[in-house]
Amino acid sequence: MTMHELGLPAVFLRWIRGFLLNRQACGSYNDTLGRTRQIRQTLPQGSVLSPLLFLFYINSVSECIPKFVNCAMYADNVSLWASNRCKESATADIQQAVNFVLEWSKKKMTLNTEKSEIAFFSTDTREANWQLTVWLNGKMVPFDGSPRLLCVHLD
């Protein structure tokens, strides 16, 4: 959903557009200034407005996740989880959601697959060593029995 569809007033949208258009940057090395280049992508680093604009941008990922999979987002972290009496069904649900997020990212931004991990939790102690398999970009997502979610270790 766009900022316009969310109801932001046109005057704000025009101001944001002006904020993001015609940006230029150049680097310096040993007191020598490089050529000025036009910046067409990314948000201005250090701007207090950039995190808010990024949230508008990334929020659309939640629209592509199936309703039977839960999603929590914080900044650029997206966590998905599914609950089902059948662990294989839960795994299939997560795989489907991961596939949707991957398709979304191809149009929007590159996923950092190195930071992705998967875990399995159950109240059945006989399933304590069971590991699910989920694929992302042709690679198996690493399993972590005690993953970290926003600096909190889950087990």
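## A hairpin, ring pairs and salt bridges

Let us start in a hairpin, where Y74 stands opposite N77 in β6. Before going on, please note that this is a predicted model, in which local features need pLDDT of at least 70 and side-chain atom pairs count only at pLDDT 80 or more, while totals for chains, interfaces and linings use all residues. Residues are numbered from 1 along each chain as its sequence is written, and side-chain values use heavy atoms, with hydrogens and water left out.

**The hairpin.** Strand β5 (residues 70-74) runs antiparallel to strand β6 (residues 77-81), and five bridges join them. Strands here are DSSP E runs of at least two residues, helices are H or I runs of at least four, and both are numbered from the N terminus; two strands count as paired if DSSP finds at least two bridges between them. Further along this pairing, A72 stands opposite S79 in β6. Two residues lie between β5 and β6, and A75 in the turn has a positive phi of about 55 degrees.

**A nonpolar patch.** Y74 also helps to make a nonpolar surface patch of about 560 Å², together with F121, L149, L150, V152 and L154. Patch members have over 30% relative accessible area and no salt bridge; like charges are joined within 9 Å and nonpolar side chains (Val, Leu, Ile, Met, Phe, Trp, Tyr) within 5 Å. The areas come from the Shrake-Rupley method with a 1.4 Å probe, and for residues only the protein chains shown count as cover. Within the patch, L150 is found in the loop between β9 (148-149) and β10 (152-153). L150 counts as partly exposed, at 46% relative accessibility; buried means under 20% relative accessible area, exposed over 50%, and partly exposed in between (1.4 Å probe, protein chains only).

**Cysteines.** How many disulfides does the structure hold? The count is zero, a disulfide being a pair of cysteine sulfur atoms within 2.5 Å. C71 is in no disulfide, and the nearest cysteine sulfur, that of C64, is 8.4 Å away. C71 is partly exposed, with a relative accessible area of 30%. C26 is partly exposed too, at 40%.

**Aromatic pairs.** A pair of aromatic rings is described by the distance of the centres and the angle of the planes. Rings of Phe, Tyr and Trp (its six-membered ring) pair if their centres lie within 6.5 Å, with planes under 30 degrees apart counted as stacked, over 60 as edge-to-face and the rest as tilted. The structure holds three such pairs. One of them is the stacked pair of W15 and F19, 5.6 Å centre to centre with 5 degrees between the planes. Both residues lie in helix α1 (residues 10-20), four residues apart, about one turn of the helix. W15 is exposed, with a relative accessible area of 55%, whereas F19 is partly exposed at 24%.

Another pair is formed by F120 and W130: their ring centres are 4.7 Å apart and their planes stand at 70 degrees, so the pair is edge-to-face. Both F120 and W130 sit in the loop between α3 (87-108) and β7 (135-136), ten residues apart. Is F120 buried or exposed? F120 is buried, with a relative accessible area of 19%, while W130 counts as partly exposed at 24%.

**Salt bridges.** A salt bridge here is a side-chain nitrogen of Lys or Arg within 4 Å of a carboxyl oxygen of Asp or Glu. By this rule the count comes to four, among them the following.

| Salt bridge | N to O distance |
|---|---|
| E127 and K87 | 3.2 Å |
| E114 and K139 | 3.9 Å |
| R126 and D124 | 3.1 Å |

E127 lies in the loop between α3 and β7 and K87 in helix α3, so the bridge of E127 and K87 ties together parts that are 40 residues apart in sequence. E127 is buried, with a relative accessible area of 18%. The salt bridge of E114 and K139 also links distant parts of the chain: E114 is in the loop between α3 and β7 and K139 in strand β8 (residues 139-140), 25 residues apart. Both E114 and K139 are exposed. In the bridge of R126 with D124, R126 is exposed, with a relative accessible area of 73%, and D124 is partly exposed at 24%.
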